[in-house]
Amino acid sequence: ERVKTLFHFISAESIDPAKDYQVVRNELEAYNKELLQKTEYIFLSKSDLLAEEEIEEKIKALEETGKKILAISINDKNSIKRVEEILCEIIKQKMANI
C-alpha cells in the first residue's frame, strides 16, 4: 500500500500469462482497490526457456492489458540492464518530487 509502483513478474512458462496477471489484479482489488491505480510494470520472466515465437505470443496476450510488457531473463544481460534503467528512472522521478 505504501509503494507507488507495482512490478508483476509472470513466468513465461505460464500457459495463460494474461489470466495470471488478471488473477493478481483481482487479488489487489479484493485487498484494496486503490492499488489498481498505481503505476505497473509487467515482466515476462524466464524468457530464455521458450522459443522467440512463443514469447511473442505471450507478450501479445499480455499487451491486451494496455500495459507495456518486457520479456526478461536472468541469463540475458540486456533485459537485466533494461530493468535497471526502469528502476533508475523511478528513483529519478522520486528524487525530483522530494
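## A walk around the model, starting at α3

Select Ser79, Val83 and Ile86: in α3 these residues are buried, where buried means under 20% relative accessible area, exposed over 50% and partly exposed in between (1.4 Å probe, protein chains only). Look down the axis of α3 and these buried residues fall within an arc of 55°, so they line one face of the helix; the arc is that of the directions from the helix axis to the C-beta atoms. An α-helix has 3.6 residues a turn, so residues three or four places apart point the same way.

Before going on, some ground rules. You are looking at a predicted model, in which local features need pLDDT of at least 70, side-chain atom pairs count only at pLDDT 80 or more, and totals for chains, interfaces and linings use all residues. Residues are numbered from 1 along each chain as its sequence is written, and side-chain values use heavy atoms, with hydrogens and water left out.

**Zoom out**

Show the whole chain as a cartoon. You should find three helices and three strands, running β-α-β-α-β-α from the N terminus on. Helices (H or I, at least four residues) and strands (E, at least two) are DSSP runs, numbered from the N terminus. The C-alpha trace spans about 45 × 35 × 20 Å along its principal axes. Of the 98 residues in the protein, 31% are buried. Now for contacts, meaning heavy atoms within 4.5 Å: among those between residues at least 6 apart in sequence, 67% join residues at least 24 apart.

**Back to α3**

Select residues 77–96, which make up helix α3. The helix has 20 residues and reaches 28 Å from its first C-alpha to its last, close to the 28 Å expected at 1.5 Å a residue; the expected span is 1.5 Å times one less than the number of residues. Turn to the face away from the buried side and you'll meet the exposed residues Lys77, Asn78, Ile91, Lys92, Met95 and Ala96. The cover over the buried residues of α3 includes β1, β2 and β3.

Which residues does Ser79 touch, not counting residues up to four places away in sequence? Ala71, Ile72 and Ser73. Ser79 has a relative accessible area of 5%.

**Next stop: Phe43**

Jump to Phe43 in strand β2. It counts as buried at 1% relative accessibility. Leave aside its neighbours within four places in sequence, and Phe43 is in contact with Phe7, His8, Phe9, Ile10, Leu70, Ile72, Val83 and Ile86. Draw a C-alpha to C-alpha distance from Phe43 to His8: they are 35 residues apart in sequence and 6.0 Å apart in space.

**The other two helices**

Select α1, residues 17–31. It has 15 residues and reaches 21 Å from first C-alpha to last, close to the 21 Å expected at 1.5 Å a residue. Its buried residues are Pro17, Tyr21, Arg25 and Leu28. They cover an arc of only 80° around the axis, which puts them on the same side of α1. Those residues pack against β1, β2 and α2. Flip α1 to its other side to see Lys19, Glu27 and Ala30 exposed.

Now α2, residues 52–63. Here Ile55, Lys58, Ile59 and Leu62 are buried. Seen down the axis, they fall within an arc of 105°, so they line one face of α2. Their packing partners are β1 (5–11), α1 (17–31), β2 (39–45) and β3 (69–71). Glu53, Glu57 and Lys60 are exposed on the other side of α2.

**A quick detour to a loop**

Between β2 and α2, pick out Lys46 in the loop. Its phi is near 60°, a positive value in a residue other than glycine. Lys46 is partly exposed, at 40% relative accessibility.

**Last stop: the largest pocket**

Select Arg2, Val3, Lys4, Thr5, Phe7, Thr39, Tyr41, Ile90, Ile91, Gln93, Lys94 and Asn97, the lining of the largest pocket. On a 1 Å grid over the protein atoms alone, a pocket is an open set of points where a 1.4 Å probe fits, with protein on both sides within 12 Å along at least five of seven lines; lining residues have an atom within 4 Å of a point. The volume of the largest pocket is about 330 Å³, taken as the space filled by probe spheres set on the points, which are joined across faces, edges and corners.

Which element supplies the largest share of the lining? That is α3, with four residues. β1, β2 and α3 each supply at least two.
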